[in-house]
Amino acid sequence: MGLDPNVTKYLKRVERALIVSIPIILDDGSLQIFEGYRVQHSTVRGPGKGGLRFAPNVNLDEVKALATWMTWKCSLLKLPLGGAKGGICVNPRELSKNELEKLTRRFTTEIINIIGPDIDIPAPDVNTNAQIMAWIMDTYSMNKGRTVPGVVTGKPIEIGGSVGRNSATGMGLYYIIEAMCEKLNIKLESQSIIIQGFGNVGGWIASLLYERGCKIFAVSDISGGLYYSEGLKIDKLLEWTKDGNYLKDYKDENYKLITNTELLTTECDILIPAALENQIIKENANEIKCKIILEGANGPTTPEADQILFDKGIYVIPDILANAGGVCVSYFEYVQDIHAYFWDLERINKELKRIMIEAFEDVYKLHKDRKITLRTAAYIIAVSRIAKAYDLRGIFP
Ligand code: NAD
């Protein structure tokens, strides 16, 4: 890239990281203190944007990495936003609804000075949802003395959320895999699919591909996976997991229980990791047997594994492109909140497809022209735009 070494130095660090303690009186009257984080990696192209994760292994380094990915993702899609992320180290399944609400509201208050429509706009991520976004929006608004819908995205539609936000990441993955199949001259509906993670991202892409006629051989959640060589009934499984049931408890005599480790190395055409980071690693990369990996999760493939997959001739469609549909529709939600004018689903999906396909075409062309991986191509485009923005703005003072 010929990147200015000063820019590299700058981009290696996050602009701001805030660590907060969140004290909560639990339902049994005892006090528990949780640790939370909000990190802004770069705001050179606009306010920070990125999800909020509630999980037991959340830590500052993970949040920093996720914030950095958001910088590249927003840049790749040409959204006028920067990269941010947040999280709380907690297992939300161990909390009651009342405790979860208190945790969310106190966390919001602790980070209130560094979020806002012009500063940094959180959104849902692992184990956070529209209800949690509603509590954040309400807490922020109560503190400011006015309703501020644009402070978070992924809100319920009734309070300024956008149609199509829930399905956006899955929809984006779908547009990208459709475009990739076209480039490779293969029929999407005849591909066999395996998906790790059956939450927002995994569930939606499973549903879209199932409706398209693809055979989904295996899916998994944190409890383990289900496999059936004739294809799983995804609509039934979505119904089952809707109320929090685990996949491992689903009863169908044809379905075989498999582990997440087995799932990743089961033969298929398209493998979609849609759970967590660091799943495809140097220890299992050689065992992966698919044509295409479509990264639904952020950072599911480690750099060592990436090289092994490249040598094996497996196409990896990188996270910063593949799963960017979520932040794209989050951006639409933010625009709609600020304008107080809301779009219909047809417009959302049309604009989403336009932006995703434009980014895909740029990445695919550079990958072909320079004979580099899709990931390297995506990074070159994303980082170049950030570097240009630094160049134009200069380093203050
Ligand atoms: P989610 O909480 O809705 O679902 C996560 C799924 O992964 C669940 O099925 C869970 O059981 C499973 N899971 C958790 N730990 C696991 C483990 N150790 N092994 C196997 N499965 C496990 O979360 P989500 O919003 O679907 O996010 C999934 C991934 O996609 C994350 O990496 C997230 O950062 C990324 N992502 C999400 C969005 C979005 O809009 N929600 C957008 C872009 C990227």
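Helix α2 runs over residues 60–76 in this predicted model. At 1.5 Å a residue, its 17 residues should span 24 Å. The C-alpha atoms at its ends are 25 Å apart, which agrees with that expectation.

How many of the 17 residues of α2 are buried? The count is 13, so the helix is largely enclosed by the rest of the structure. Buried here means under 20% relative accessible area.

Both ends of α2 have something to look at. At the N-terminal end, N59 acts as the cap. A side-chain oxygen of N59 lies 3.0 Å from the backbone nitrogen of D61. After the helix comes K78, whose phi is positive, near 60 degrees.

Now the ligand. There are 23 residues around it. Those that come nearest are D125, T169, N200, I222 and N298. What is the make-up of the shell, by nonpolar, polar and charged residues? It divides into eight nonpolar, 10 polar and five charged residues.

Oxygen atoms of the ligand pair with protein atoms as follows.

| Residue | Protein atom | Distance to a ligand oxygen atom |
|---|---|---|
| R165 | R165 polar side-chain atom | 3.4 Å |
| F198 | F198 backbone N or O atom | 2.9 Å |
| I222 | I222 backbone N or O atom | 2.9 Å |

On its own, the ligand has 820 Å² of accessible area, and the protein covers 85% of that. I222 appears twice in this account: it is among the residues that come nearest to the ligand, and one of its backbone atoms lies 2.9 Å from a ligand oxygen atom. R165, in turn, makes its approach through a polar side-chain atom.

How values were computed: Residues numbered from 1 in each chain as written. Predicted model: local features only at pLDDT ≥ 70, side-chain atom pairs only at ≥ 80, totals over all residues. Heavy atoms only, no water. Near = heavy atom within 4 Å. Polar contact = N/O pair within 3.5 Å; in protein donor to acceptor, adjacent residues only side chain to side chain. Areas by Shrake-Rupley, 256 points an atom, 1.4 Å probe, with all protein chains shown as cover. Nonpolar A, V, L, I, M, F, W, Y, C, P; charged D, E, K, R; others polar. Helix = DSSP H or I, 4+ residues; strand = E, 2+ residues; numbered from the N terminus. Expected span 1.5 Å × (residues − 1). Buried < 20%, exposed > 50% of the residue type's maximum accessible area, 1.4 Å probe, protein only.
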